[in-house]
Amino acid sequence: METKAAAVLNAVPPYGHVITSEKWRNSSLIQSLKGGGVKILFESELGVVDFHLPNKSCILYVSECDIIAASSYKRKLVRYRNSSSSFQELVLVENTRLSEQYFSAVQKFVVFDLGLTLLPVSGQTEASQLITQIVNGGGRENPFRRRSSIQLLDPLVLALVQQVPGVGRVKALALLQHFSSIQQLCNAAPTELEPIVGQAAAQQIHNFFHRPTAAGT
Amino acid sequence: VPQKSTVQDLSAAVRILVDSRCISSGVELMTSLRQRHAATVHICSLDGSYFIVSNRTAVERHSQSDLASMQNRKRLAERVNSLQGLFERVCLIVEKDRTKPGEASRPFQRTRYYDSTLTALVRTGVRLLWSNGPEESAGLLADLARLEQRKGQGITVLLEVKGQHRQQALQLYLSLPSVNYVHALSMSHNFRSIAQLINSSVEDVQKGGSMSRSRAEEIYRFLRYSCDSFLMNTPKVAKNS
């Protein structure tokens, strides 16, 4: 029994499907999800979670009614957080005319105290649109994903050397041809720099790196 | 007076760095931060219009219609990408659009595009916060700063950088990859000279820059990176692009 429950808790629905608990069966949310082409699987042992989505996220739904009655939704949220599944845990909160006065307190609890992600919706129709988007958008490329392309460091080194007062692009390039890293350049003696940039600049560069900037520790 | 000292204790707690570009669009927010939340607001010149509430957290503020607009997505993605390179945590305050006095507030039309933007942001680990206006946004910023402070991540470094040489050193630190303004400030106060930073161990870079181990390693490697002058003759590349 225990193992079955655990298996259900971590069940990832197939693409285009959501897993939800029986209590949602006749809801308008489920009706409009179906209308949006999302396939529904019902499961009686989901625990506190309302929906499992294919891209390893899950949803707890906090209704206007939950908020106004201030019933047990806080305890439910804590249990949700503590269920520590490997899913990204989202919380949909109904922010309506009646519940908006409590919204800020709910947000503090969900985001600041529990560290969960909150997405406000005006009701079940908006919720179903959002869920449909999460279900169908999973396969598309995320425009906000960090591009992990390897950044060429050479231009950054060059830019940094040009932060040294009196050193422009030409001098920076000349210096880096002799001292290929910032550390080598910093530790070069003025006499080593002199043949490349002249006496005055050599002294200035050396001083810039070695002059005290702070009381230090 | 004991009461006053408690207020000061709290105010000492909340320090927020604000980009100068946030001022014109955020007078109300700034006033509220200072007066209602007793925050120390330090205006500085960041690489974008955002707020820094701790050593590791940056906050962007956008109106709901901003987020819903298709033209803005590319720019928003660039901003978020760049901030994620500089900070461990990136928050986005989504603020309700302001209605002009006398104008009836129009309900926000939620589109599929808006939903897909939200979904994508959440997937990348951006934290979303919801606000009804500048006053509430100020409260959220102060709350965030306080929360980070409790976790030992608050901004504690001296905010002033006096003297031309120190200013120049600060600029140099800012041109290191993945270094944000708080790291650069910490470095300019904690290292005796630029040379001391350059020759420091990873541990000392991490400590002196109040930064994560991986960031310190990245800087350590960068300072010793041996470059090929052939590759430098590429056109100028902006930081974190």
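## Exercises on a predicted model

Strands S5 (residues 89-95) and S6 of chain B pair in the parallel sense over 5 bridges; strands are DSSP runs of at least two residues, numbered from the N terminus, and two of them pair if DSSP finds at least two bridges between them.

Some ground rules before you start. This is a predicted model, where local features need pLDDT of at least 70 and side-chain atom pairs count only at pLDDT 80 or more, while totals for chains, interfaces and linings use all residues. Residues are numbered from 1 along each chain as its sequence is written, chains are lettered from A and ligands numbered from 1 in the order in which they are written, and side-chain values use heavy atoms, with hydrogens and water left out.

**Exercise 1.** Find the residue that stands opposite Cys91(B), then work out how many residues of S6(B) are buried.

*Solution.*
- Step 1: look across to S6(B), where Arg127(B) stands opposite Cys91(B).
- Step 2: buried means under 20% relative accessible area, exposed over 50%, and partly exposed in between (1.4 Å probe, protein chains only).
- Step 3: S6(B) spans residues 127-131, and 4 of its 5 residues are buried, so you can call the strand mostly covered.

**Exercise 2.** Classify the ring pair Trp24(A) and Phe51(A), and say which parts of the chain it ties together.

*Solution.*
- Step 1: rings of Phe, Tyr and Trp (its six-membered ring) pair if their centres lie within 6.5 Å; planes under 30 degrees apart count as stacked, over 60 as edge-to-face and the rest as tilted.
- Step 2: the whole structure has 4 aromatic pairs over all chains.
- Step 3: in this one the centres are 5.1 Å apart and the planes at 45°, so the pair is tilted.
- Step 4: Trp24(A) lies in the loop between strand S1 (17-21) and helix H2 (28-35) of chain A, and Phe51(A) in strand S3 (residues 51-53), so the pair ties together parts 27 residues apart in sequence. Helices are DSSP runs too (H or I, at least four residues).
- Step 5: check burial: Trp24(A) is buried at 8% relative accessible area, and Phe51(A) is buried at 0%.

**Exercise 3.** Do the ring check for Phe208(A) and Phe209(A).

*Solution.*
- Step 1: the ring centres are 6.0 Å apart and the planes at 65°, so this pair is edge-to-face.
- Step 2: both Phe208(A) and Phe209(A) are buried.

**Exercise 4.** Explain why Cys22(B) has no disulfide partner.

*Solution.*
- Step 1: a disulfide is a pair of cysteine sulfur atoms within 2.5 Å.
- Step 2: the closest cysteine sulfur, in Cys44(B), is 9.4 Å from that of Cys22(B), so it's too far for a bond.
- Step 3: the structure holds 0 disulfides over all chains.
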